[in-house]
Every structure is written in structure tokens, then in C-alpha cells.
Amino acid sequence: MEKLEMLYEGKAKKVYKTAQEDVYIVDYKDDATAFNGLKKGTIVGKGVINNRMSNHMFKLLENEGVPTHYIEELSDRETAVKKVEIVPLEVIIRNVSAGSFSKKLGMEEGIKLLAPTLEFSYKNDDLGDPMINDYYAIALGLATREEIDKISKMAFKVNEVLCKYFEECGIELIDFKIEFGRSKGEVILADEISPDTCRLWDIRTHEKLDKDRFRRDMGGVEDAYAEVLKRIGLA
Ligand code: C5P
């Protein structure tokens, strides 16, 4: 399968058309950004790791009944995916306090929440992806009530499947962000699931094995990403 015209270049990925109307190719880059693009850098080999890990997670989720955009891994960095229209929402699930949740609520990081939480951000770089609720999403025409309900249900299912899977790999899933797309009238899981989009801590030592190492200048970023790949059995 060949890449045709580039449709979109994001912070971490490029998306291309193909000769098949309903198939796109995603090409994962090593570029890393944080804080809405204010911090820029490179994580060597990240594109390869995120491509392989995302595909692995999407296959696992498909097997558990969650529809995804995944079709076929084409190379180290490229994957064929179903054409979708992205729902402009970042869907964030949290199991343990960290990041913006800790900051907003004055709660130290690492406290197990009494129940998983779900939040939405409006995907809009100019506004800095503001947090919104389901009523805002519907009022702004970002999604319908039916879509929001399906998205929420799927997001909690993704959390269940991923928590169990990572736990078996010695990793605690602290929180993550996922995105959904519309394909042939259905909402399906799209975008990626990787150390860029999840907080992953060693279950025993609580060492951070994710993009926070880049965001917070902690060093050892490449090693952490490689460690996650190894723990999920792909290296
Ligand atoms: O920064 P915050 O605590 O809100 O992030 C929650 C989760 O969502 C983290 O796992 C982070 O990696 C992810 N996230 C993301 N892309 C964003 C914002 C957050 O992948 N634009």
C-alpha cells in the first residue's frame, strides 16, 4: 500500500491518503511536544515504539469488543487505518491522581481514586484544549448525546482492558487520553495509545515510564519508552 497526498501533519504523526477511499496511512514521527507545543524536542525511536505499541493495544481492544481504526501495520512507523472524521474531544480517564488533576485539586500525585474519572477537553490548539463537559460538547455541536454516551462507555471499557493488561506487565495505568472518530456512522477508537498518551508507572517502584520524563526534564526518556515496549512483550 502506498502513501498518496498528505492530509494532515500533527505534533507526533502524519496522515496520508491512499488509493483506497476509506483507508489512510498514519506515519509516526520522533518529534515530541508538550504544554500545547511550547516545549519541543525529539525522542529518538519514539515513532517506532508508539506505532508498534498502539497497534498491539488496538488489536487487544478489538479482541475485547472495542471497535478501533486499526487495519494493518505496514512498517516500523506506518500503519493502515480506517478513514475517520475525528471527534474533536480528548477523552481522559484517570485511576490515580497526577498531572493537571493533582494541580487543579491540590492533591499530591499517586493517590488511588475511589472510582475512575472521565473528563473531556475540546481539541483546539488556539484555546489550549480547554476542559469541557458533555453538555458543552453537545451545545457546541462537537458530538451528539448518543455519541457522547457511546464514547464514555467505550472509554471505561478501554480502561478496564488496559488496567488489567498493564498490571500483568508490572505497570500501573495512572491515566490516559484517547480519541474517537466517525467511520460509516459509527464511533470507533482512533489516534494512538502509547507512552505519549498514557501515564505508566512501575507497579512496585512507581518509576515513571512515560512522557512525563520529557515534560519534566527527568532524563531517561528513550529508556523508559523502550522498557514499556519490553514489558508488553514487543522487544
Ligand atoms: O495533563 P493531564 O494530567 O491532564 O493529562 C492526563 C493524561 O492525558 C496523561 O496521560 C497525558 O499523557 C494525556 N494527555 C495527552 N494529550 C494531551 C493532554 C493529555 O495524551 N493533549
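Biologist: Where is Asp210 found?
Modeller: Keep in mind that this is a predicted model. Look just after strand S14 (198-202) and just before helix H5 (212-215). Asp210 is found in the loop between S14 and H5.

Biologist: Is Asp210 buried or exposed?
Modeller: Let's count its C-beta neighbours: there are 24 inside 10 Å. A residue needs 20 or more to count as buried. Because Asp210 has 24, the residue is buried.

Biologist: Which residues is Asp210 in contact with, leaving aside its neighbours within four places in sequence?
Modeller: Some of the partners, including Cys198 and Leu200, have numbers that fall in S14 (198-202). The full set is Pro195, Cys198, Arg199, Leu200 and Ala224.

Biologist: Leu200 caught my eye! Which helix or strand gives the most to the largest nonpolar core?
Modeller: That core has 50 residues, and Leu200 is among those with the most contacts inside it. Several elements each supply at least two residues, including strand S12 (171-183), S14 and helix H4 (145-168). With seven residues, the element that gives the most is H4.

Biologist: How far apart do the C-alpha centres of domain 1 and domain 2 lie?
Modeller: Good one! The domain assignment gives domain 1 (6-82) and domain 2 (85-231). Their C-alpha centres lie apart by 16 Å.

Biologist: Which element supplies the largest share of the side of domain 1 that touches domain 2?
Modeller: The contact takes 25 residues from domain 1 and 26 residues from domain 2. On the domain 1 side, strand S4 (31-34) and H1 each supply at least two residues. The largest share, ten residues, comes from H1.

Terms used
Residues are numbered from 1 along each chain as its sequence is written. This is a predicted model: local features need pLDDT of at least 70, side-chain atom pairs count only at pLDDT 80 or more; totals for chains, interfaces and linings use all residues. Helices (H or I, at least four residues) and strands (E, at least two) are DSSP runs, numbered from the N terminus. A residue is buried if 20 or more other C-beta atoms lie within 10 Å of its own, exposed if 12 or fewer, and partly exposed in between; C-beta atoms are placed from the backbone. Two residues are in contact if their C-beta atoms, placed from the backbone, lie within 7 Å. A nonpolar core is a set of buried Ala, Val, Leu, Ile, Met, Phe, Trp, Tyr and Cys residues joined through C-beta atoms within 7 Å. Domain bounds come from an automatic or database domain assignment.
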